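Work through the following exercises with the sequence and the model at hand, and try each task before reading its solution.

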Amino acid sequence: MKIGEAARRTGVAAHVLRHWHASGVVVPDRTASGHREYTEEHLRRAHVVRACQGVGMSLPEIRAVLTRDDASRAEVIGARLLRIRAQRAGLEAAERFLEHVIGCTHDLLTRCEACTEYARTSPHAATGGAPAGRPAADGA
Ligand SMILES: [Zn+2]
């Protein structure tokens, strides 16, 4: 099928499909006249690319993951898994903090040991994502 139909079937704009082609993540066949020719397999691949982008993966990362013989594949997947696990730990800490803070009776969060402990142990605190001593409760 031509790129227009591939765009319609996947919900991915034609200019994005051309970018994905140039980036090597979804590389269509070429017709004799030189037009891009997409197969069902290319559409499935496009859906995988979108899913990977949805969890924050870059096109170079996705290309490495989808290319079985890519030298950096295991490294990219390992790094992404580490980040996902760190994000999960951060979300779980945020969940515990919010569950606590809704019933916290301290008028200043910094006077509460539990709140202060959250700020100290938050993954964001370690990476400088939030100022020390202030819980990352503002959605930052
Ligand atoms: Zn508290």
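**Exercise 1.** Determine how many disulfides the structure holds, and decide whether Cys52 and Cys112 are buried or exposed.

*Solution.* Begin with the criterion, a pair of cysteine sulfur atoms within 2.5 Å; by this test the structure holds 0 disulfides. Next, take accessibility, where buried means under 20% relative accessible area, exposed over 50%, and partly exposed in between, with a 1.4 Å probe and protein chains only. Cys52 has a relative accessible area of 13% and is therefore buried, and Cys112, at 4%, counts as buried too.

This is a predicted model, in which local features need pLDDT of at least 70 and side-chain atom pairs count only at pLDDT 80 or more, while totals for chains, interfaces and linings use all residues. Residues are numbered from 1 along each chain as its sequence is written, and side-chain values use heavy atoms, with hydrogens and water left out.

**Exercise 2.** Describe how helix 3 and helix 4 pack, and which residues make the contact.

*Solution.* First, helix 3 (residues 40–54) and helix 4 (residues 59–66) pack at about 130°, their axes lying 10 Å apart. Helix 3 is therefore oblique to helix 4, since angles under 35 degrees count as roughly parallel, over 145 as roughly antiparallel, 65 to 115 as roughly perpendicular and the rest as oblique. Then list the contact (heavy atoms within 4.5 Å): Arg45, Val48, Val49, Cys52 and Gln53 come from helix 3, and Leu59, Ile62 and Leu66 from helix 4. The buried Cys52 is thus one of the contact residues of helix 3.

How values were computed. Axes fitted to C-alpha atoms, helices over the stretch in contact; angles between N-to-C directions. Helix = DSSP H or I, 4+ residues; strand = E, 2+ residues; numbered from the N terminus.
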